Amino acid sequence: MEIRCDFDSGNIQVLDASDPQDVRLALRPDLNSPHFQWFHFCADGLTPGQRYTFDLTNAGHSSYTGGWPGYRALASYDQRDWFRVDSSYDGQSLRFSLDAEQPRAWFAYFEPYSRERHAALVRQAIEQAGAELVATGRSIEGRDIPLLRIRRNPQATRKLWLIAQQHPGEHMAEWFMEGLIERLQQKDAELDYLLQHAELYLVPNMNPDGAFRGHLRTNAAGTDLNRAWASPSAETSPEVLFVQAHMRQQGVDLFLDIHGDEEIPYVFAAGCEGNPGYSERQAYLEAEFRKRLEERGEFQSLHGYPRSAPGKANMTLACNHVGETYQCLALTLEMPFKDHDLAPDARTGWSGARAKRLAGAVLSTLSSLVEELR
Ligand code: ZN
């Protein structure tokens, strides 16, 4: 058996692959950062009919050890159909097994969203959803960061911003963006209404270096972009500087920052209630967004992060920074690496397809709320 990770978003270290019942592996930290949790590798030369057990020996030292209990790893024979496999965690190692049906299989922490698919998505947005490429940012390593705009009515007054995958291991975030762009290719009354009143600004992938390198949390400089919004720099977080410059030019009437959460098995949102300037109007919009999305999609507000005390928000987070700067509805939307336990799917857990459906429900919710956003 040969184990490889020399491809887009690959991450694994092979310690000892001699025993198929105990293939000993380790997760590789992000470049210039101690964070690790993401994995993605290919195992080749499997014997169909044989059971293989992989052991992520340093899972107990990863960034979010609470992410492992109840988590099941993903496998695929074709990199399209991903399914969950038997997994267990003993406080040190995450072990998972596959009864091989084919000689080659891929394994990942979540269904990977490739750079190739990203390029196709941007083309699809422009050619089929009528998006304009407003500008292209550059990551530290020179990868493109497209900023797309959907403008159907030049008189539309609201500017709605949605950005994804600041944390590069959170691949569900770009699946969400694909769902958004696919829905924008359709015509329906809700969309028409939304786009009569609003322009959408979309950044499908904020952190292409980290995603390509198989990072969990940071860019090529080891910077957590979602802790860089108070004081971004050209040297360590040009990705954030780029988006902030265009926000200043265009204005912001709504901000959604799309993420994945390692530990909590639900879709949920975090607001900016701890901001010094958090207003009653923002609180009203947040409550309405939560209520209306819960009616439409796989979403809930019972489980999530503890709410910040008034004035105690961490202003380095995108959601808090943008909410305070523009006094708008601003939310971090979190999807699980595990499953949405209100509607579990034993075969796939939370998945790219479910992230895409959630995006459609978010667009419907925004359509119902668009006039009130300012
Ligand atoms: Zn995140």
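The legends below describe close-up views of a predicted model.

**View 1. The zinc site and its protein donors.**
The zinc ion is held by His167 through ND1, by Glu170 through two OE contacts, and by His259 through ND1. These donors lie 2.1 to 2.5 Å from the zinc ion. The angles among the four donor atoms run from 56 to 145°. Tetrahedral geometry would require all angles to lie between 85 and 135 degrees, so the site is classed as irregular. Along the chain, the donors follow the spacing H-x2-E-x88-H. Histidine 167 is in the loop between strand S13 (158–164) and helix H2 (172–184), whereas histidine 259 belongs to strand S15 (residues 254–261); the pair therefore ties together parts that are 92 residues apart in sequence. Histidine 167 and histidine 259 are both buried.

**View 2. The hairpin of strands S2 and S3.**
Strand S2 (residues 13–16) pairs with strand S3 (residues 23–26) in the antiparallel sense, over three bridges. Six residues lie between the two strands of this hairpin. Within the pairing, aspartate 16 stands opposite arginine 24 in S3.

**View 3. The open sheet of five strands.**
The strands of this open sheet are arranged in the order S1-S4-S10-S6-S7, and their pairing is antiparallel. Strand S1 (2–4) and strand S7 (83–84) are the edge strands, each pairing on one side only. Inside the sheet order, S10 stands beside S6. Strand S6 (residues 74–76) and strand S10 (residues 104–108) are joined by three bridges in the antiparallel sense. In this pair, alanine 75 is placed opposite phenylalanine 107 in S10.

**View 4. The largest pocket.**
The largest pocket holds about 580 Å³ of space. Its lining comprises 33 residues, and those closest to the pocket centre are Phe268, Ala270, Tyr305, Leu317 and Glu334. Two or more lining residues come from each of S15, strand S16 (268–270), helix H7 (318–326) and strand S17 (329–336). Strand S15 also carries histidine 259, a donor of the zinc ion shown in View 1. By class, the lining of the largest pocket contains ten nonpolar, 13 polar and ten charged residues.

**View 5. The second largest pocket.**
About 320 Å³ of space is found in the second largest pocket. There are 14 lining residues, and Gln79, Pro112, Tyr113, Ser114 and Arg117 lie nearest the centre of this pocket. The lining of the second largest pocket divides into five nonpolar, four polar and five charged residues.

**View 6. The enclosed cavity.**
Searching the whole structure gives one cavity of 30 Å³ or more. The space in this largest cavity is about 30 Å³. Its lining is formed by Asp8, Tyr113, Ser114, Arg115, His118, Glu174, Asn205, Ala211 and Phe212. Helix H1 (115–128) and helix H4 (208–213) are the elements that each give two or more residues to the lining of the cavity. The classes are represented by three nonpolar, three polar and three charged residues. Tyr113 and Ser114 line the cavity and are also among the residues nearest the centre of the second largest pocket in View 5.

How values were computed. Residues are numbered from 1 along each chain as its sequence is written. This is a predicted model: local features need pLDDT of at least 70, side-chain atom pairs count only at pLDDT 80 or more; totals for chains, interfaces and linings use all residues. Side-chain values use heavy atoms; hydrogens and water are left out. Two strands pair if DSSP finds at least two bridges between them. Helices (H or I, at least four residues) and strands (E, at least two) are DSSP runs, numbered from the N terminus. Donors are N, O and S atoms within 2.8 Å of the metal (3.2 Å for Na, K and Ca); water is not among the atoms, so sites may look incomplete. Four donors count as tetrahedral if all angles lie between 85 and 135 degrees; four count as square planar and six as octahedral if opposite donors are over 155 degrees apart and all others between 65 and 115; anything else is irregular. Buried means under 20% relative accessible area, exposed over 50%, partly exposed in between (1.4 Å probe, protein chains only). On a 1 Å grid over the protein atoms alone, a cavity is a set of points where a 1.4 Å probe fits but cannot get out, and a pocket is an open set with protein on both sides within 12 Å along at least five of seven lines; lining residues have an atom within 4 Å of a point. Grid points are joined across faces, edges and corners, and a volume is the space filled by probe spheres set on the points. Ala, Val, Leu, Ile, Met, Phe, Trp, Tyr, Cys and Pro count as nonpolar, Asp, Glu, Lys and Arg as charged, and the others, Gly among them, as polar.
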